[in-house]
Amino acid sequence: MENKIQLFNTLTRKTEKFIPNEDGKVAMYTCGPTVYHFAHIGNLRSYIMEDVLEKTLRYAGYDVKRVMNITDVGHLSSDADTGEDKMLKGAKREHKTVMEIAKFYTDAFKTDCEKLNIKWPDVVEPATNCISEFIHMIEVLLEKGYAYKAGENIYFDTSKLKEYYVFGNQSEEELLVGVRDDVEEDTNKRNKNDFVLWFTKSKFEDQALKWDSPWGVGYPGWHIECSCISMKHLGEYMDIHCGGIDNMFPHHTNEIAQSESYLGHKWVNYWFHVHHLNDRNGKMSKSKGDILTVSTLEGKGIDPMIYRLFCLQSHYRKPLEFSYDVLDNVKNGYDKLIKKIDSLKTEAGLDHKALSELSLKIEKARKTAERYSKDMNESIAKAVKGTEVDATAYIDFSDKFLAAVGNDINTSSGITVVYDVLGSNLNAVTKLVLIDAFDQVLSLNLTVDRPEPKAAVDPELEAFVLSKIEERKEAKKNKDFAKADAIREELLNKGVAIKDTREGTVWELV
Ligand SMILES: [Zn+2]
């Protein structure tokens, strides 16, 4: 198939035409969360943008297999093998076991993803499922001379590599910024950048999860899990590896070091890194104590879709500055957009279900034509037969949308195409099927049916109803059921139905 997507590759620091290892197929890996707390919306920015990347590839006709790990063991509070174990820290904080913490926060992460319309990856694997794979990889690294045992831990020996600083233009001083000064240097390390592949109990006596290994009872280092879990499901060659830019060093640098030493060849072709979410004071993160979550937003009455749109309005390789004022503006824009789309639905007489069925049929034809390089005009003309959809316009705008988002996931350009469609002189049905198709990538709930807004209740009536409910309560208390029934009747005559529930008496207009 024709390659219509360009991606900025952190490995080469260039925007490149995306060419997968196998024609039409994409092997994609995402570094998953460490499940010791709720996800910060800054981390969720990465998952939103990776979701758009996956959906853009699917829109372009690729078959995507996406894998993600869940870190439920081995991630220390500093990414460089020092500090406390994050999972243990979470368990102590909440007086729960590590596995209870892992289950609770994995579920919470999944709920956040659902609220933000982030598709759950095809394979999601917790690190604790793959201990034997980690041990195997470490054994091979030891055999090949890339690892050594010191102080009962197993370390990766970075001096054996031809090159370690894989992400280009970073200097050694810059790399050291990520390493905290207040923690003791691990004296077992032969070289400064060596990292732990396997910890034994010598590191933490109170480590909750431990496994037998050829080197003693212990647990894996953090970096090894992504190498093993990705290879287990995607094989030895990967197309795209994603993560937040925090992961570039040491995590991804170390993943490459150990994976390529193990495999003996290049491992990943494209690295996709999403930039930070900042506030006026700089990067927002959990470790700084700003635990800003999806629930925090909802608590302030902000629909998670507004946060998604906020992320999509800027480019993933730029820092994004968060503020509630900006979210307010985003909400105003979103509401206007939805209003326009809703009026088109009324004009076309299509509800969400009917629209999706039509759009899915056309999209299937378009994607198949992309995937197998078939004649697009013929495919779409056939799919839209008997409908009002303008086939030529459909193809033109689809190409325009793919050119926009396919240009290094330029989501704001993609959104501009939505407005172009709305501003065009196409008929309502054509506009709607196009927007529904684009929303498979943007996932902003653009075409879903919304309940009619409730009419405002007259405050006088409300006060009257509440006083009558109180009066009835009193009557019931005095066992004057005839009076209680009379009040119910009186309210019903005024168009108000009441219902007794465990939480008290509720009412509605009928
Ligand atoms: Zn990872």
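In β10, Met-28 finds its bridge partner in Ile-240, a detail of a predicted model that makes a handy way into the fold. The pairing belongs to a set of three bridges that join strand β3 to strand β10 (residues 238-244), with the two strands running parallel. On β3 there is also a pairing with strand β4 (residues 63-70), again in the parallel sense, this time over six bridges. Here Val-26 sits opposite Val-64 of β4. Strand β3 itself (residues 25-30) is mostly covered, with five of its six residues buried. Helix α1 (residues 41-59) joins in too: β3, α1 and β4 together make a right-handed β-α-β unit. As a general point, side chains in a regular strand alternate between the two faces of the sheet.

Stepping back, the chain is divided into domain 1 (6-295), domain 2 (323-442) and domain 3 (459-509). The C-alpha centres of domain 2 and domain 3 are 50 Å apart. Domains 1 and 2, on the other hand, have a nonpolar core to share. The largest such core has 119 residues, and those with the most contacts inside it are Ile-138, Leu-197, Val-433 and Phe-438. Both domain 1 (6-295) and domain 2 (323-442) give residues to this core, so it lies between them. Nonpolar side chains in soluble globular proteins tend to be buried together.

Phe-438 deserves a second look. Leaving aside residues up to four places away in sequence, Phe-438 touches Phe-401, Gly-414, Val-417 and Val-418. Then there is helix α15 (residues 428-442), which has 15 residues and reaches 20 Å from its first C-alpha to its last, close to the 21 Å expected at 1.5 Å a residue. Of the 15 residues in α15, 13 are buried, leaving the helix mostly covered. Just after α15 comes Ser-443, with a positive phi of about 50 degrees.

Another helix with plenty of cover is α7 (residues 248-263): 13 of its 16 residues are buried, so the rest of the structure largely encloses it. Helix α7 is also home to Pro-250, and the peptide bond that joins Phe-249 and Pro-250 is cis, with omega about 0 degrees. Just after α7, Gly-264 takes a positive phi of about 80 degrees.

A small open sheet is built from three strands in the order β13-β12-β14, and its pairing is mixed. The edges are taken by β13 (282-283) and β14 (320-321), each with a single partner strand, so one side of each has no neighbour in the sheet. Strand β12 (residues 277-279) and β14 run parallel and are joined by two bridges. Within that pairing, Leu-277 has Leu-320 of β14 as its bridge partner.

Last come a couple of backbone oddities. Most residues other than glycine have a negative phi, and most peptide bonds are trans. Arg-13 is not a glycine, yet it has a positive phi of about 55 degrees. Arg-13 is placed in the loop between β1 (6-9) and β2 (14-17). This residue has 10 C-beta neighbours inside 10 Å, so Arg-13 counts as exposed, given that the cut-off for exposed is 12 or fewer. Lys-479, also not a glycine, has a positive phi of about 55 degrees and is found in the loop between α16 (459-477) and α17 (481-493). Lys-479 counts as exposed because its C-beta neighbours inside 10 Å number 9.

Key:
Residues are numbered from 1 along each chain as its sequence is written. This is a predicted model: local features need pLDDT of at least 70, side-chain atom pairs count only at pLDDT 80 or more; totals for chains, interfaces and linings use all residues. Domain bounds come from an automatic or database domain assignment. A residue is buried if 20 or more other C-beta atoms lie within 10 Å of its own, exposed if 12 or fewer, and partly exposed in between; C-beta atoms are placed from the backbone. Helices (H or I, at least four residues) and strands (E, at least two) are DSSP runs, numbered from the N terminus. Two strands pair if DSSP finds at least two bridges between them. A crossover is right-handed if, with the strands pointing away from the viewer, the path from the first strand over the helix to the second runs clockwise. The expected span of a helix is 1.5 Å times one less than its number of residues. A nonpolar core is a set of buried Ala, Val, Leu, Ile, Met, Phe, Trp, Tyr and Cys residues joined through C-beta atoms within 7 Å. Two residues are in contact if their C-beta atoms, placed from the backbone, lie within 7 Å.
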